[in-house]
Amino acid sequence: MRVNGTPYRTVWMSNGIVQLIDQNLLPFEFAIKECRTHQATAAAIERMTVRGAPAIGAAAGFAMAQAFGEAPQSDLWEYVRQARERIEATRPTARDLFFATERVWNEARSAWDRGCAATTAVETAWRLADDSVAASRRMGEIGRKIIPENARVLTHCNAGWLANVDYGSATAPIYSSAGRGNRVHVWVSETRPRSQGARLTAWELQNERVSHQIIADNAAGHLMSRGEVDLVITGADRIAKNGDIANKVGTLEKAICANEFGIPFFAAAPLSTFDFAISSGDHIPIEHRSEDEVFFQSGPDEEGVWRKIRVTSPESPALNPTFDVTPARYITGIITERGIFRPGEWPADLLAEPAAQNQR
Ligand code: MRU
């Protein structure tokens, strides 16, 4: 995607330094954060400088490559084992993170005998990022077929290019369709508490000149009941074997409402998000984050000075589960780089593919 005419990915690595578009500053400032060690990259994942399952996966792959580069030869595997543990402890829900750490570890392990574990780790991390871009592009081509002319599409959170290295998962079909002249309109639900929809998806759509409006999270049901939503497309952070999906908290309510009003509900995600070792969504670990994300909002004031303000009753506690699980029965289809599947109805070869298997 282009920002002020310059093409960017969300995450990349140069000279051993992981570079990330700082998503905590968007849409108010565009800045690149440099992470010089695997610890710094892990901290950036934890603080959501980089976020969104496939982008987290790419960052985790590069963090593993950094660890291989840092490790002393005498203690290489113990050093990298500890680094992997640290990286995997950052965000528990997104399957892509574990997919990436496992891939880099396995590929480097098999190259060790040849004395090229570290270079293989870097090559594997790059391949994962490139594969993610290719998968997003395919999801766009495949998914645009489900978007009718002049459709009003509702999306939740940010499953855009910021969340995916490039193009997006939920937004890839929208960009692809709009790029071919479809006058699609997007309802962007704000996605409290961190407002990924209001901040990031809206910024992306504005950048891409796609018609859109931000709505409060709790306005979605109303719009659906009035026939103002033709289609819902969200991303996914982990997809279980039976087709249940974990996605940003608030997705479940949208899926139930869509079902009630007969509106198709699609999730879009690459195969690296699938976890066929988990039989149903009941087994997906749900991340809980700090109460502060509910208590405070931050951004620049009218003079451009960053402020953090409390928006809740000062004495009241909060609870901040950051994902929910949408049962397969509410999902019309899952858009992947291999095609659109009914949840749980996967082609046999997909079930057998290492990409779709979770070998822990
Ligand atoms: O907590 P985040 O911002 O990393 O949330 C993950 C997401 O971006 C969404 O749940 C998204 O829809 C799936 S990842 C493309």
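This report describes selected strands, helices and loops of a predicted model.

## The hairpin of β3 and β4

Strand β3 covers residues 11-14 and has two faces. V11 and M13 lie on the covered face, while W12 and S14 lie on the uncovered one. The partner of β3 is strand β4, residues 17-21, and the two run antiparallel with 4 bridges between them. One of the residues of β3, S14, has I17 of β4 as its bridge partner.

Between the two strands of this hairpin there are 2 residues. N15 in the hairpin has a positive phi near 50°.

## A buried residue after β4

D22 is located in the loop that links β4 to β5. Is D22 buried or exposed? D22 is buried, because its relative accessibility is 13% and the cut-off for buried is under 20%.

Leaving aside residues up to four places away in sequence, D22 is in contact with A31, K33 and T49. A83 is 61 residues from D22 along the chain, and the C-alpha atoms of the two are 22 Å apart.

## Helices α2 and α3

Two packed helices are described by the angle between their axes and the distance between the axes. For α2 and α3 the angle is about 155° and the axes are 9 Å apart. Angles over 145 degrees count as roughly antiparallel, so α2 and α3 are roughly antiparallel to each other. The crossing of α2 and α3 is right-handed.

Which residues of α2 meet α3? They are A60, A63, M64, A67, F68 and E70. On the α3 side, the residues met are L76, W77, Y79, V80, A83, R84 and I87.

## Helix α4

Helix α4 runs from residue 95 to residue 111, a total of 17 residues. From the first C-alpha to the last, α4 spans 25 Å, close to the 24 Å expected at 1.5 Å a residue.

How many of the residues of α4 are buried? The count is 12 of 17, so α4 is mostly covered. Among the buried residues are R95, D96, L97, F98, F99 and W105. The elements that cover the buried residues of α4 include the helices α1 (38-46), α2 (53-70), α3 (76-88) and α5 (117-143). The strands β10 (238-240) and β13 (274-275) are also among them.

## The seven-stranded sheet

The model has an open sheet of 7 strands with mixed pairing. The strand order is β8-β7-β6-β9-β12-β17-β18. At the edges are β8 (211-215) and β18 (339-341), each of which pairs on one side only. From one strand to the next, the twist averages 25°.

Within this sheet, β6 (residues 152-156) and β9 (residues 231-234) are paired in the parallel sense over 2 bridges. L154 stands opposite V232, which belongs to β9. Helix α9 (residues 251-260) packs on the sheet and touches β6, β7 (185-189), β9 and β12. The direction of α9 makes about 145° with that of β12. Helix α5 lies across β12 (265-268), β17 (333-336) and β18. The angle of α5 to β17 is about 130°.

## Uncommon backbone geometry

Most residues other than glycine have a negative phi, and most peptide bonds are trans. The residues below depart from one or the other pattern.

Two cis peptide bonds can be pointed out. One joins L26 and P27, with omega about 5°, and P27 is in the loop between β4 and β5 (32-35). Another joins R192 and P193, also with omega about 5°. P193 sits in the loop between β7 and α7 (196-207).

C157 and R209 have positive phi values although neither is a glycine. Phi is near 65° for C157 and about 55° for R209. C157 is in the loop between β6 and α6 (171-179), while R209 is in the loop between α7 and β8. C157 counts as buried because its relative accessibility is 8%, and R209 is exposed because its relative accessible area is 69%.

How values were computed. Residues numbered from 1 in each chain as written. Predicted model: local features only at pLDDT ≥ 70, side-chain atom pairs only at ≥ 80, totals over all residues. Heavy atoms only, no water. Buried < 20%, exposed > 50% of the residue type's maximum accessible area, 1.4 Å probe, protein only. Pairing = 2+ DSSP bridges. Expected span 1.5 Å × (residues − 1). Contact = heavy atoms within 4.5 Å. Axes fitted to C-alpha atoms, helices over the stretch in contact; angles between N-to-C directions. Parallel < 35°, antiparallel > 145°, perpendicular 65-115°, else oblique. Left-handed = near helix turned anticlockwise from the far one by under 90°.
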